[in-house]
Amino acid sequence: MKFPLTIAAIALAALMSPADAAALRDEGDPLASARWADMHKSMLAGAPVLFDPRVKVVAPSTAENPMQVPVSVDATALPGVVEVLVFADFNPIVQVLRFYPDAAPAFLGFRIKLQQSSPVRAAVRTADGVWHVGGTWVNTVGGGCTAPSAAAVSPEWQKRLNEVSGRQWSEGPNAGRIRLRIVHPMDTGLVAGTPAFHLEEVNITDAAGKRLMRVQPYEPVSENPVFTLQRDAASGPVEASGRDNNGNAFTARIAP
Amino acid sequence: MRRASAALRGLSLMLLAWAGLAAAADFDYRLKARPIAPDVYAFIGRTADFDTDNGGNIVNTAFIVGRAGVIVIDSGPSLRYGQQMRQAIAKVTDKPLALVINTHHHPDHFLGNQAFADVPIGALAETRDGIARDGDAFAENLFRMSGDWMKGTEVRVPNRTLAGGALEVAGRRLRLVALDGHTGADLVVVDEASGVVFAGDLVFNGRAPTTPHADVGHWLKALDQLDGLTRQPGFKVLLPGHGEVAGDAAPIAQTRAWLNWLTATMDEAARNGLDMNDTLARPLPPRFADMPVAQTEYRRSVGHLFPAAEQRALEGR
């Protein structure tokens, strides 16, 4: 699918830098993944796609621990973000999470499990129905003394399931930042005898009841998920609520 | 004349390049026993990470020539290393091998065990368990990182359990000090006759420490004990697990400084709301920036240590 005029129009309308505008393209995966065509079809239903430098996916090029690969998605340079879908082409479970930045900047940090080296991508849907795609390759080979563990080993969750600990930062370089950790094993269902058991919804709401962000984690999100998000104006507590795929619900207040 | 010397230089460069290729292709670690005290020798590895050039020769191993036999301390990263180490020992002494000691369960310290299959191999109980549990995964990693240097290497679990205390081997009095912190079990060997302290990987010298199985609090306590060993009468030489031999406790202070900085950095980052990617992106302070593999080890250590610091910060502890 080619629509060069659309690209030019987008670049112009968004006042993009010449370098960013030049990097916009609607075909030819910049990460040169053999699975891109499949991903486009299965994850994005073949809808119009723009590889867009305004969608920034930060992850280490080499992950020391493939069970805890830090990923930050920043689409704040893109106006009108409706939905963000994160996926990893070569993971046994491709879909990592979705988030909807209702009243928060389109930024989310989290950690994921990778089975092997893979592109990690964020596809960002804007109101016009176009998916803006950014991504980076993550190599999963660790260091020489790393013994990869096959499954979650911490028994912490059995006593503390869905316990939330979190903080907000109201000053300094990270003013407006919210971080929270939820105790959950996030079992993928791929380990024999352990069914899939994972968080499937996390909502962050402000004191007035307005939802800042909705996150839908899938199996590849790491054990005991940690989320980092940003709010425009830090004022008052926020509430984190949600549930896992077994119906266990939680609600917790995160003080400013 | 000028042209002739240029031609000669060209030729010698070609020869050098050819020699370099040959060195890589013949899988010769060029191990040469270096005397570090009377009857005590070490093989000093490079202060680098595993790669297909060094074949994993990034570690220090050693041997003590006792009255009745030889005591080997750590066996290196591969079967070939173990074999070549054995040949290098045979050039120094024809006494029989009495005991091989593995200081801890990291692969560069025990994957040469196979070359010593006819010799008792001793380690702390937890080190034996660790090698049995993680050995194959470690070996697989090293095949990937060091390539064909690893050919034929298989895990050989130590067959003798050691414990802290005095040990007499081949007419030599050793003091074994069972510590932990770098891994779950780190054995320090003190050779009473020579005054050499074999610190294993509790001490790094001029090379950033590694932390995949570290308990930093325990490690710092272990360093205090090692410090004490270097202050005892008779102390002469400290052999770190990686980096140059020392005649004093300076490498202990250096290792402690790195660990203190690392934990303080993790705690500060977590308290300030940084996430793991933010923390990975922080530059090293000037005092560590030039230390070999500091950048790589810092990034690896963030992966190992940041999640706990983050949990403490988020739980308000």
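Me: How many residues of strand β6 (residues 107–112) of chain A are buried?

Reply: This is a predicted model, in which local features need pLDDT of at least 70, side-chain atom pairs count only at pLDDT 80 or more, and totals for chains, interfaces and linings use all residues. Residues are numbered from 1 along each chain as its sequence is written, while chains are lettered from A and ligands numbered from 1 in the order in which they are written. Strands (E, at least two residues) and helices (H or I, at least four) are DSSP runs, numbered from the N terminus. With buried meaning 20 or more other C-beta atoms within 10 Å of a residue's own, exposed 12 or fewer, partly exposed in between, and C-beta atoms placed from the backbone, β6(A) is mostly covered, and the buried count is six of six.

Me: Which residues of β6(A) lie on the side opposite A:Phe107, A:Gly109 and A:Arg111?

Reply: In a regular strand the side chains alternate between the two faces of the sheet. Both faces of β6(A) are covered, and the side opposite A:Phe107, A:Gly109 and A:Arg111 holds A:Leu108, A:Phe110 and A:Ile112.

Me: Which residue of β6(A) stands opposite A:Val71?

Reply: Two strands pair if DSSP finds at least two bridges between them. Strand β3 (residues 69–74) of chain A runs antiparallel to β6(A) and is joined to it by six bridges. Opposite A:Val71 in β6(A) stands A:Phe110.

Me: Which element gives the largest share of the side of chain A that touches chain B?

Reply: Contact requires C-beta atoms, placed from the backbone, within 7 Å, and on this basis chain A and chain B give 28 residues each. The elements of chain A that give two or more residues to its side are β3, β6, β9 (164–169), β10 (177–182) and β13 (226–230). The largest share, four residues, comes from β9(A).

Me: How many charged residues are on the side of chain A that touches chain B?

Reply: Ala, Val, Leu, Ile, Met, Phe, Trp, Tyr, Cys and Pro count as nonpolar, Asp, Glu, Lys and Arg as charged, and the others, Gly among them, as polar. By class, that side has nine nonpolar residues and 13 polar ones, and the charged residues number six.

Me: Which strands stand at the edges of the nine-strand open sheet of chain A?

Reply: The order in chain A is β1-β8-β7-β4-β5-β12-β11-β14-β15, with mixed pairing. The strands at the edges each have a single partner strand, so one side of each is left without a neighbour in the sheet; they are β1 (49–51) and β15 (249–254).

Me: What angle does helix α3 (residues 36–44) of chain A make with β4(A)?

Reply: Axes are lines fitted to C-alpha atoms, for helices over the stretch in contact, and angles run from 0 to 180 degrees between N-to-C directions. Neighbouring strands of the nine-strand sheet are turned by 20 degrees against each other on average, direction ignored. Helix α3(A) packs on this sheet, touching β1, β4 (81–88), β5 (95–100), β7 (118–126) and β8 (131–138) of chain A, and its angle with β4(A) is about 130 degrees.

Me: Which residue of β12(A) is the bridge partner of A:Ile204?

Reply: Strand β11 (residues 199–206) and strand β12 (residues 211–217) of chain A run antiparallel and are joined by four bridges. In β12(A), the partner of A:Ile204 is A:Met213.

Me: Why is chain B as compact as a globular protein of its length?

Reply: Chain B has eight helices and twelve strands. The radius of gyration is taken over C-alpha atoms, and the globule rule is 2.2 Å times the number of residues to the power 0.38. For 317 residues the rule gives 20 Å, so chain B matches a globular protein of that length in compactness, its own radius of gyration being close to this at 21 Å.

Me: How far does helix α2 (residues 79–92) of chain B reach from its first C-alpha to its last?

Reply: The expected span of a helix is 1.5 Å times one less than its number of residues. For the 14 residues of α2(B) the expected value is 20 Å, and the reach is close to it, at 20 Å.

Me: Which strands are among those that cover the buried residues of α2(B)?

Reply: The buried residues of α2(B) are B:Leu79, B:Arg80, B:Tyr81, B:Gly82, B:Gln84, B:Met85 and B:Ile89. Their cover includes chain B strands β2 (40–43), β3 (61–65) and β4 (70–73).

Me: Is A:Asn224 buried or exposed?

Reply: A:Asn224 lies in the loop between β12 and β13 of chain A and has a positive phi of about 45 degrees although it is not a glycine. It has 21 C-beta neighbours inside 10 Å, so A:Asn224 counts as buried.

Notes
Contact = placed C-beta atoms within 7 Å.
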